[in-house]
Amino acid sequence: MSTFTPAETTEAITTSGGARPRSAQKRGRSVRFHVLLIVAALTWLLPMIWMLSMALTPNTVLQSSSSNLLPQAITFENFLTVLQGSDMPRWFLNSAVVSILTTAVTVIFCAMAGYAFARIAFPGRRIVFVIVLAGLMVPKEAMFIPLFLMISSADLQNSYAALILPRLAAPLGVFLMTQFFSKVPPEMEEAARIDGAGRWRTFFSVMLPLARPAMASLAIFTFVLTWNDYLWPLVASTRTEWFTITTGLASLQSNFASATNLGDLMARGLIGSLPLIIVFIVFQKQLIRGITLGSGEK
């Protein structure tokens with residue numbers, strides 16, 4: 001039978017009494033943190049719920065009241081009208097083609113440029129890298145006139161080339177990939193060279209698989225920015241069939257029908273934002289991991 005001295009008993013009581021407040025404080029901080037996250041999530045979801053509610057409500061009901069969070073009557077006529085009686089499918093296709101091709105080519109170019117700046121010691125590397133980063137300081141609006149003149153002189157207006165080519169130069173993507181490749185241990189590249197791999201084989205077989213998190217983050221950012229871009233498609237496309245989702249929806253808002261057919265307008269907005277929601281839901285782990293690795297954590 002074990003016995004405790006008075007000193008040991010006092011110490012045990014003090015330790016247990018001090019552990020309870022600390023655990024209670026941790027639980028309190030956790031509860032406050034989760035409550036804050038729930039409030040932020042609801043704040044973000046509220047406009048989406050309202051938009052979905054209006055998209056499912058008949059236009060005749062919306063003409064009398066459009067402030068209800070839940071639909072008073074449910075109909076899918078608005079979605080059928082959008083998909084069958086408008087240019088929405090063509091605009092959706094244009095945005096999909098431009099966003100997917102721009103994302104794929106930008107990620108490849110930025111990965112190659114980042115590997116060159118991080119691993120290949122060529123003359124003037126630092127100067128060229130500084131020039132590339134200087135592109136971050138130039139507003140894209142300041143480049144619209146020269147880009148428009150170049151596209152017009154090459155007779156590329158109202159084409160996928162006009163919508164894609166000016167987006168391929170991404171200084172931020174080059175910087176992110178350079179930072180990532182500079183943190184990869186050089187022993188991995190040296191081991192590939194010892195095995196007989198050349199520069200290209202090392203890049204495609206060793207470095208690119210390691211850079212998947214960073215490339216996934218860059219791909220998500222590029223896709224979202226390209227899909228949401230409004231100004232350049234507005235400049236590069238003058239015909240309705242070459243509009244993207246953003247310019248197409250903006251052109252509909254100037255019509256008088258948009259004031260009476262709010263359900264159709266909300267259905268268009270919901271369909272236009274659906275790809276972005278899917279991308280964030282599917283690739284959220286890769287996005288978080290890529291941001292973490294890009295911040296310096298290995």
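## Worked exercises: burial, a cavity and two pockets

Asn158 is buried, with a relative accessible area of 11%. Keep in mind that this is a predicted model. Here are some exercises to work through with the structure open.

**Exercise 1. Asp155 and Asn158: which loop holds them, and is each one buried or exposed?**

Step 1. Find the place. Asp155 sits in the loop between α6 and α7 (160-164), and Asn158 is in the loop between α6 and α7 as well.

Step 2. Look at the backbone. Asp155 isn't a glycine, yet its phi is positive, about 55°. Asn158 isn't a glycine either, and has a positive phi of about 55°.

Step 3. Check the surface. The cut-offs are under 20% for buried and over 50% for exposed. Asp155, with a relative accessible area of 68%, is therefore exposed, whereas Asn158 comes in at 11% and is buried.

**Exercise 2. Work out which side of helix α3 is buried.**

Step 1. Pick out the buried residues. In α3 (residues 77-84) they include Asn78, Phe79 and Val82.

Step 2. Ask how they sit around the axis. They cover an arc of only 95°, so they're on the same side of α3.

Step 3. Recall the helix geometry. An α-helix has 3.6 residues a turn, so residues three or four places apart point the same way.

Step 4. Turn to the other side of α3. There you'll find Glu77 and Gln84, both exposed.

**Exercise 3. Place Ser86 and say what it is in contact with.**

Step 1. Ser86 belongs to the loop between α3 and α4.

Step 2. Its relative accessible area is 23%, so Ser86 counts as partly exposed.

Step 3. Skip the neighbours within four places in sequence, and Ser86 is in contact with Thr81 and Arg268.

**Exercise 4. Describe the largest cavity: what is its volume, and which residues line it?**

Step 1. Count first. There is 1 cavity of 30 Å³ or more, and the largest cavity has a volume of about 50 Å³.

Step 2. Go round the wall. Among the lining residues are Ser53, Met54, Thr57, Val61, Leu62 and Pro71. Helices α1 (6-55) and α2 (59-62) each give at least two residues to this lining.

Step 3. Sort by class. The lining of the largest cavity has 5 nonpolar and 6 polar residues, with no charged ones.

**Exercise 5. For the two largest pockets, find which helix gives the largest share of each lining.**

Step 1. Start with the largest pocket. It holds about 920 Å³ of space. Of its 25 lining residues, Lys140, Arg167, Ala169, Ala170 and Pro171 lie nearest the centre. Two or more lining residues come from each of α4 (88-119), α6 (144-153), α8 (171-182) and α11 (212-228).

Step 2. Pick the main contributor. In the largest pocket that's α11, with 6 residues.

Step 3. Move to the second largest pocket, with a volume of about 420 Å³. Its lining has 15 residues, and nearest its centre are Trp44, Met48, Ser273, Leu276 and Ile277. At least two residues come from each of α1, α13 (245-253) and α15 (262-282). Here the largest share, 8 residues, belongs to α15.

Step 4. Set the classes side by side:

| Lining | Nonpolar | Polar | Charged |
|---|---|---|---|
| Largest pocket | 15 | 7 | 3 |
| Second largest pocket | 11 | 4 | none |

Terms used. Residues are numbered from 1 along each chain as its sequence is written. This is a predicted model: local features need pLDDT of at least 70, side-chain atom pairs count only at pLDDT 80 or more; totals for chains, interfaces and linings use all residues. Side-chain values use heavy atoms; hydrogens and water are left out. Buried means under 20% relative accessible area, exposed over 50%, partly exposed in between (1.4 Å probe, protein chains only). Helices (H or I, at least four residues) and strands (E, at least two) are DSSP runs, numbered from the N terminus. The arc is that of the directions from the helix axis to the C-beta atoms. On a 1 Å grid over the protein atoms alone, a cavity is a set of points where a 1.4 Å probe fits but cannot get out, and a pocket is an open set with protein on both sides within 12 Å along at least five of seven lines; lining residues have an atom within 4 Å of a point. Grid points are joined across faces, edges and corners, and a volume is the space filled by probe spheres set on the points. Ala, Val, Leu, Ile, Met, Phe, Trp, Tyr, Cys and Pro count as nonpolar, Asp, Glu, Lys and Arg as charged, and the others, Gly among them, as polar. Contact means heavy atoms within 4.5 Å.
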